[in-house]
Amino acid sequence: QVQLVESGGGLVRAGGSLRLSCAASGSTDKIHAMAWYRQAPGKQRELVASRTGGGSPAISDSVKERFTMTRIRSKNTWYLQMNNLKSEDTAVYYCRSIGAASSWGQGTQVTVSS
């Protein structure tokens, strides 16, 4: 099994930045890819970014110019760097491991005030 713990969410003003972290533990060798999702109130969960192994991240068109996804392999930690945040980025952000041991984190709230 894989356990995922997100952190780094919070309240930020429009135009600000946040960096979310997703720390993985357990059977991390079974992680094939990692993804970040978000779910705004009253909306469906949507894919924001994903990364397979050491490859380049795939970023949703809706945030492509502002978000990026990185990884520190030695720490089994993935990051979502979010710049120039907008009110529509307000959501709970989740990371999800994909592979033989798929798992979801508990989520971290991001609130962007206008």
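A polar contact is a pair of N or O atoms within 3.5 Å; within protein, one atom must be able to donate a hydrogen and the other to accept it. The exercises below apply this and related criteria to a predicted model.

**Exercise 1. Locate Ser-97, classify its burial and examine its polar contact with Ala-101.**

Step 1. Ser-97 lies in strand 9.

Step 2. The relative accessible area of Ser-97 is 0%. Buried means under 20%, so Ser-97 is buried.

Step 3. The side chain of Ser-97 reaches the backbone oxygen of Ala-101 at 3.2 Å. The cut-off is 3.5 Å.

Step 4. Leaving aside residues up to four places away in sequence, Ser-97 touches Val-2, Leu-4, Ile-31, Ala-33, Met-34, Ser-102 and Ser-103.

**Exercise 2. Decide whether Ala-100 is buried or exposed, and state its separation from Gln-1.**

Step 1. Ala-100 belongs to the loop between strand 9 (91-99) and strand 10 (103-104).

Step 2. Its relative accessible area is 70%. Exposed means over 50%, so Ala-100 is exposed.

Step 3. Ala-100 and Gln-1 are 99 residues apart along the chain, while their C-alpha atoms are separated by 8.8 Å.

**Exercise 3. Classify the ring pairs that involve Trp-104 and describe where Arg-45 sits.**

Step 1. The structure holds two aromatic pairs. In one of them, Tyr-37 and Trp-104 are 4.9 Å apart centre to centre, with 55 degrees between the planes. Planes under 30 degrees apart count as stacked and over 60 as edge-to-face, so this pair is tilted.

Step 2. This pair joins strand 4, which holds Tyr-37, to strand 10, which holds Trp-104, across 67 residues. Tyr-37 is buried at 14% relative accessibility, and Trp-104 is partly exposed at 37%.

Step 3. For Tyr-94 and Trp-104 the ring centres are 6.3 Å apart and the planes stand at 85 degrees, so the pair is edge-to-face. Tyr-94 is in strand 9, ten residues from Trp-104, and is buried at 14%.

Step 4. Ring pairs thus link Tyr-37, Tyr-94 and Trp-104 into a cluster.

Step 5. The charged end of Arg-45 sits over the ring of Tyr-94, 3.8 Å from its centre, and also over the ring of Trp-104, 4.6 Å from that ring's centre.

**Exercise 4. Describe the largest nonpolar core and its main contributor.**

Step 1. The core has 27 residues; Met-34, Trp-36, Phe-67, Leu-80, Met-82 and Tyr-93 have the most contacts inside it.

Step 2. Elements giving two or more residues include strand 1 (2-7), strand 4 (31-39) and strand 9. Strand 3 gives the largest share, four residues.

Key: Residues numbered from 1 in each chain as written. Predicted model: local features only at pLDDT ≥ 70, side-chain atom pairs only at ≥ 80, totals over all residues. Heavy atoms only, no water. Buried < 20%, exposed > 50% of the residue type's maximum accessible area, 1.4 Å probe, protein only. Contact = heavy atoms within 4.5 Å. Core = buried A, V, L, I, M, F, W, Y, C linked by side-chain atoms within 4.5 Å. Phe/Tyr/Trp six-rings, centres within 6.5 Å; stacked < 30°, edge-to-face > 60°. Lys NZ or Arg CZ within 6 Å of the ring centre and 35° of its normal.
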